[in-house]
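Open your viewer and get ready to click through a few stops. At each one, select the residues named and take a look around.

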Amino acid sequence: MGVAGAFAIVSLPAAYATPSATAVISEVYGGGGNSGATLTRDFVELGNAGSAAYDLAGFSVQYLPGSPSSSSAWQVTALSGSLAPGGRFLVAEAAGSGGTTALPTPDATGSIAMSGTSGTVALVSGTAALTCKTAADCAADSRIVDLVGYGSAVVREGSGPVTGASNTASVARGTLLADTDDNAADLASGTPSPVNSAGQTPGSGDGGGDGGGDDPTLPGTVRVHDIQGTTRLSPLAGQTVTRVPGVVTGVRTSGSKGYWIQDPAADSDPRTSEGVFVYTGSAAPTVAVGDSVLVSGKVSEYYPSSTSQSVTELTGPTATVLSSGTALPSAVTLDAASVPSAYIPTAGGGSIESLPLEPTVYAQDFYESTEGMRVSFSDARVVGASDAYGELWVTVKPDENATVRGGALYSSYDQPNTGRLKVMSLDTTASFPAANVGDELSGTTTGPLDYSTYGGYDVQATQLGALADHGLKQEVTRRQKGDELAVATYNVENLDALDDQQKFDRLAQGVAVNLNSPDIVALEEIQDDNGAANDGTVTSEATLTRFTDAIRAAGGPRYQWRYIAPADGRDGGEPGGNIRQVFLFNPKRVSFTDRAGGDAGTATSVVKTRKGVRLTYSPGRIDPANDAWDSSRKPLVGEFVFHGETVFVIANHFNSKGGDQPLHGRYQPPARSSETQRQAQAAEVNTFVKSLLSADRNAKAVVLGDLNDYEFSRTVTTLTDGGVLTPLITTLPAAERYTYVYDGNSQTLDHILTSPAVTRFDYDVVHLNAEFADQASDHDPQIVRIDVSRCRR
């Protein structure tokens, strides 16, 4: 909870601040040691809903009575250490004379005697005691990170305090640690269930029913399929379950540490998974694959991101190993026969979490119904190259939307390729293979099925198939003929003068050799001369000097360049980088018509003269003050002459897809909020082209660049409105329409479009990056060769 601005004050005002997506107070219990209590002391538990550790050094937990008097003072317990992502942090407070069960080892200890029925607890940045005693005053204190009022507390968040606290009941958030700044809505009373940072709980507990008395070698009554349930959320979320039986099928010792268990005694319901992940926090797992175990812990739903689906987990675990070397349960086969052809159910843009799973209908439901279980596939084609994180993508459906080079084509919103899966390896002793699209993981790959932020469902391989190299080669396009104007576009991925020479050389090789030295190259993501250093530098002269020198060294021409330097920090991209579009051109083949006056804030326009149509400024920008270009790259327009013919080139880099909901997320269909700005940008470029054609219907225009959208998107439809532009990607066979690979989907983000007068052309996407583990950029360039003399006049 952060601090908000002014708000209306009514009777018993509620504290208000920005909801926290990281550290929150997850549970409060003031009845420790009181009459009827089981636990011997009070506690405050903190939770971290974020994806990064939260440093608690210099923080404190503070307590105020529920109805403070003028003499009441906040009591303080200082904290240290950090709160792990998805983890808990236990603060022990005063002990009473009753109770029988000690807290697990606390992470911090204080002596505050909290009321069992009414009070206010705050997580505070600092150790000085708070002075506020009303909800309004506390809402104005910027030191308060989160606040919980319980019972009849005057100081609370939202419409009222959370009720139900007693000597036998704590108040706690749900497993999602949701914080809407309304205590009554965010927390509820229940059995106290403290968890420390090591994931320890008080004893073995009986939240799931033990059915085995006090014998630690007998299973409880809860099985994994009871935990997983028939929807995406566990029916036991927030409860402590005891001695859940299973066999360890995989162990993860880095990142999100833990292990998977699977019950070999499956139920008859195909919706309920028999596997679950046991999260051990910062502690390395002490079990091994093949151990037969009984696990106790709290059932949680972990969300890797705010829009993703969740992973059902057991947290704060204790495990008893009954035996080792146990045979593992059979793996579920993943192939074209088992994985359904429909992708995911919809809920009108809302959450699908409560929908009953239909694993025979939807691929994502099928994967959810096997979450945590052993799965396997054989001889799978690689559709997303290996990356720096030790991940690659395969398809378990070899005939699903295959590209000509072995990928999986993303051809429409309703064809997201159901056979795609990300693959990682749990074997830390072997290097991960460097696979390209079209290669194969031959033999069998087996491991638990997991879910992550990036990509959704993935196989954590305990057995990884062998890499079969199918010899994918970089493409080299033909050289333009003497009467052909060759125009290319290439996103060079944040190139700046501080990059190592190897990056310059490889990108230069792409221009000089693979693209065969086009006459004009529109570059996207050229940064300023010191890259991400945010010091006001906006020039790119050093970057372009190094790049053009490298192209010359690779056998290309001595290119000249033109660009408009952006205003500092106004064009988006990497902070401090000031990315922009740039024209390179070969002056021995084509000339650039310079018309002075263009700058970051000045718009170029079309002028009709007796000698033909021209630009007011060249190079220039399209309406840079328009809201469509807020925090985004402005189109660069240039006027070129080739064999006496004027050609207008418009280089673009539209708004990114950042902020869109993922294909695999819990909100279906996913919202693509970034499209709004791209459609507005497309409308501006379309308007400019229309003005050009209004002045000269036979004007030859090439619109190109990284549009960050698909050929079937509304962005492209808006850009081509009125038939003023033809998207050349649609002139290729369907299986060749892609420039980029993301999450195993081969898709089109980069485009070249031409005006109606451009009637004789030869177009090519040159695949040299996106399908390869070793990339100079994450985009493939493309080129069009125009026979200008034979175009319409």
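Select D500 and Q502 to begin: D500 caps the N-terminal end of helix α5, with a side-chain oxygen 3.1 Å from the backbone nitrogen of Q502. That is a polar contact, meaning a pair of N or O atoms within 3.5 Å, where within protein one must be able to donate a hydrogen and the other to accept it, and residues adjacent in sequence count only if both atoms are side-chain atoms. Before moving on, note that this is a predicted model, in which local features need pLDDT of at least 70 and side-chain atom pairs count only at pLDDT 80 or more, while totals for chains, interfaces and linings use all residues. Residues are numbered from 1 along each chain as its sequence is written, and side-chain values use heavy atoms, with hydrogens and water left out.

Now select 501-514, which is α5. Helices (H or I, at least four residues) and strands (E, at least two) are DSSP runs numbered from the N terminus. How far apart are the end C-alpha atoms of α5? They are 19 Å apart, which agrees with the 20 Å expected for 14 residues at 1.5 Å a residue; the expected span is 1.5 Å times one less than the number of residues.

Color K503, F504, L507, A508, G510, V511, A512 and N514 next: these residues of α5 are buried. Buried means under 20% relative accessible area, exposed over 50%, and partly exposed in between (1.4 Å probe, protein chains only). The buried residues of α5 pack against β25, β26 and α6 (541-553). Just past the helix, click N516, whose phi is positive, near 60°.

Follow β25 (484-495) and β26 (520-526) into the largest nonpolar core, where each supplies at least two residues. Such a core is a set of buried Ala, Val, Leu, Ile, Met, Phe, Trp, Tyr and Cys residues joined through side-chain atoms within 4.5 Å. Of its 28 residues, L485, I520, F583, F640 and Y763 touch the most other members. Stop at Y763: beyond its neighbours within four places in sequence, its contacts (heavy atoms within 4.5 Å) include L728, I752 and V784.

Back in strand β25, find N494. N494 has a positive phi of about 55° although it is not a glycine, and at 23% relative accessibility it counts as partly exposed.

For a last stop, select S618 and P619: the peptide bond between them is cis, with omega near 0°. P619 sits in the loop between β31 (612-615) and β32 (620-621).
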